[in-house]
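Work through these short exercises with the structure in view. Try each task before you read its solution.

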Amino acid sequence: AVHIRVTESPPPPTTSKTPDYRVYVPGESINITCASSQRGTAGMFQLIKDSNLLISSTGSHTTFTHRITDLRADVDNAYTCVMLVQASARWLPSSPSPAIHIRVRERPRPPTISKTPGYPVYVPGESVTLTCASSRRGTAGTFQLRKDSNLLTSSTGSHTNFTHHITDLRADVDNTYTCVMLVQASSRWLPSSASPAIHIRVRERPRPPTIYKTPDYPVYLPGESVTLTCASSRRDTAGRFQIRKDSNLLTNSTGTRTNFTHRITDLSADMDITYTCVMLVHVSARWLRSSPSPAVHIRVTERPPQPTISKTPDYPVYVPGESVTITCASSHRDTAGIFQLMKDSNLLTSSTGSHTNFTHHITDLRADVDNTYTCVMLVHVSARWLRSSPSPAVHIRVTERPPQPTISKTP
């Protein structure tokens with residue numbers, strides 16, 4: 001006799017995928033797991049791809065996992081599992097499991113990234129705006145901004161661009177920024193590849209230059225001249241110089257150098273101006289601007305008024321042996337100073353100390369003298385002795401006495 005026994009097929013196994021996305025992008029990997037739907041039942045598994053056997057397990061197990069790496073673009077496959085359970089020396093096949101689908105779509109195009117201002121290098125305290133934008137006009141998505149490969153910030157909602165402001169940059173920063181765009185497809189946010197990178201490098205400002213004036217007076221007089229010199233505070237550092245007058249640009253140097261001079265001639269009265277220098281040094285294709293130098297001041301005041309000069313006795317002509325007193329006096333009653341008495345434009349004598357007048361005695365005049373005398377007054381203003389214009393001149397002329405007359409008596 002022969003026996004025919006009929007038994008139920010094993011129940012279909014379950015099939016799952018990890019990660020469980022509706023759609024994938026090229027390069028991703030996925031695990032497909034077949035599992036017995038009855039806890040204590042083991043068997044052999046067959047993984048079916050689009051109705052064709054892809055792979056089988058070896059031996060009898062309750063689960064079987066197959067890993068698919070580096071998914072390729074434009075894949076759309078259905079996977080099912082079949083479980084074979086041994087019964088009475090026969091491997092009984094189950095019905096196929098419900099199918100799972102693996103669909104692969106191209107990644108969204110990488111977004112663009114830009115920075116404003118687009119400097120190759122920045123200085124501490126400056127700000128920069130980073131902008132991520134879709135490379136396809138009509139495509140919106142969520143943006144991720146990455147700093148040195150780490151997530152810095154994300155946009156909220158779906159947009160075609162996204163901006164992020166970085167304020168008050170710190171010294172010695174050197175960071176790389178990229179953007180990734182996530183576009184929604186089949187209920188999944190698909191990430192693009194990273195955008196090309198942009199770099200934000202921060203370097204210290206150049207040191208402020210020095211500035212000085214020649215001659216270095218605390219106060220100047222109308223008509224005088226002064227030379228301003230800007231110089232690098234580092235001997236081996238060259239750059240361009242800007243001289244600023246009361247915060248406004250006065251002049252620039254031409255070319256790169258370690259110092260720059262500017263001459264101001266014929267100063268005008270009542271000036272009171274502040275001058276500073278700024279140095280621009282070329283670093284990584286950008287001219288970096290220093291802070292302003294300490295300021296120098298050019299103050300111009302009127303000359304002291306001419307002193308007066310007089311002689312006593314005030315003769316138009318003198319004779320040998322006579323004496324004369326010359327007096328220099330301030331033309332402002334309350335203004336004191338030092339007096340210089342000039343004889344034929346040469347210094348004859350000076351007062352000692354500061355006074356409102358000064359006298360000089362000339363005794364025993366000699367014959368045939370003809371001299372011109374003037375006074376100059378020096379007044380102390382802002383630590384400088386300011387020189388007046390010469391006074392009007394007085395003249396001392398000495399001529400021989402007339403010859404003695406004769407005298408006679410008659411009878």
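**Exercise 1. Find the partners of strand 2 and name a facing residue for each pairing.**

Solution.
Step 1. Begin with strand 1, residues 14-18, and strand 2, residues 30-35. In this predicted model, the two strands pair in the antiparallel sense, over five bridges.
Step 2. Pick out K17. Opposite K17, in strand 2, stands I32.
Step 3. Now turn to strand 5, residues 63-68. Strand 5 also pairs with strand 2 in the antiparallel sense, and here there are six bridges.
Step 4. Pick out A35. Its bridge partner in strand 5 is T63.

**Exercise 2. Work out the strand order of the open sheet of three strands, and say which strands lie at its edges.**

Solution.
Step 1. Read the order across the sheet: 9-10-13. The pairing is antiparallel.
Step 2. Look for strands that pair on one side only. They are strand 9 (112-116) and strand 13 (161-166), the edge strands.
Step 3. Check the twist. On average, neighbouring strands of this sheet are turned by 20 degrees against each other, direction ignored.
Step 4. Follow one pairing in detail. Strand 10, residues 128-133, joins strand 13 through six antiparallel bridges. One bridge links T129 to H165 in strand 13.

**Exercise 3. Describe the second largest pocket: its space, its lining and the residues closest to its centre.**

Solution.
Step 1. Start with the space. The second largest pocket holds about 200 Å³.
Step 2. Count the lining. It has 13 residues, and R205, P206, R207, R234 and T237 are the closest to the centre.
Step 3. Sort the lining by character. Five residues are nonpolar, three are polar and five are charged.
Step 4. Ask which element gives the most to this lining. The answer is strand 22 (residues 272-283), with three residues.

**Exercise 4. Identify the residues of the largest nonpolar core that touch the most other members, then trace which strands supply the core.**

Solution.
Step 1. Recall the general tendency. In soluble globular proteins, nonpolar side chains tend to be buried together.
Step 2. Find the best-connected members. The core has 19 residues, and those touching the most other members are L228, I243, I264, L267, Y275 and I298.
Step 3. List the strands that each supply at least two core residues. They are strand 18 (226-231), strand 19 (240-245), strand 21 (259-264), strand 22 and strand 24 (296-299).
Step 4. Look for the largest share. Strand 22 provides it, with five residues.
Step 5. Link this to Exercise 3. Strand 22 gives the most to the pocket lining and the largest share of this core.

How values were computed: Residues numbered from 1 in each chain as written. Predicted model: local features only at pLDDT ≥ 70, side-chain atom pairs only at ≥ 80, totals over all residues. Heavy atoms only, no water. Pairing = 2+ DSSP bridges. Helix = DSSP H or I, 4+ residues; strand = E, 2+ residues; numbered from the N terminus. Axes fitted to C-alpha atoms, helices over the stretch in contact; angles between N-to-C directions. 1 Å grid on protein atoms, 1.4 Å probe; cavity = no way out; pocket = protein on both sides within 12 Å on 5 of 7 lines; lining within 4 Å. Points joined across faces, edges and corners; volume = space filled by probe spheres on them. Nonpolar A, V, L, I, M, F, W, Y, C, P; charged D, E, K, R; others polar. Core = buried A, V, L, I, M, F, W, Y, C linked by side-chain atoms within 4.5 Å. Buried < 20%, exposed > 50% of the residue type's maximum accessible area, 1.4 Å probe, protein only.
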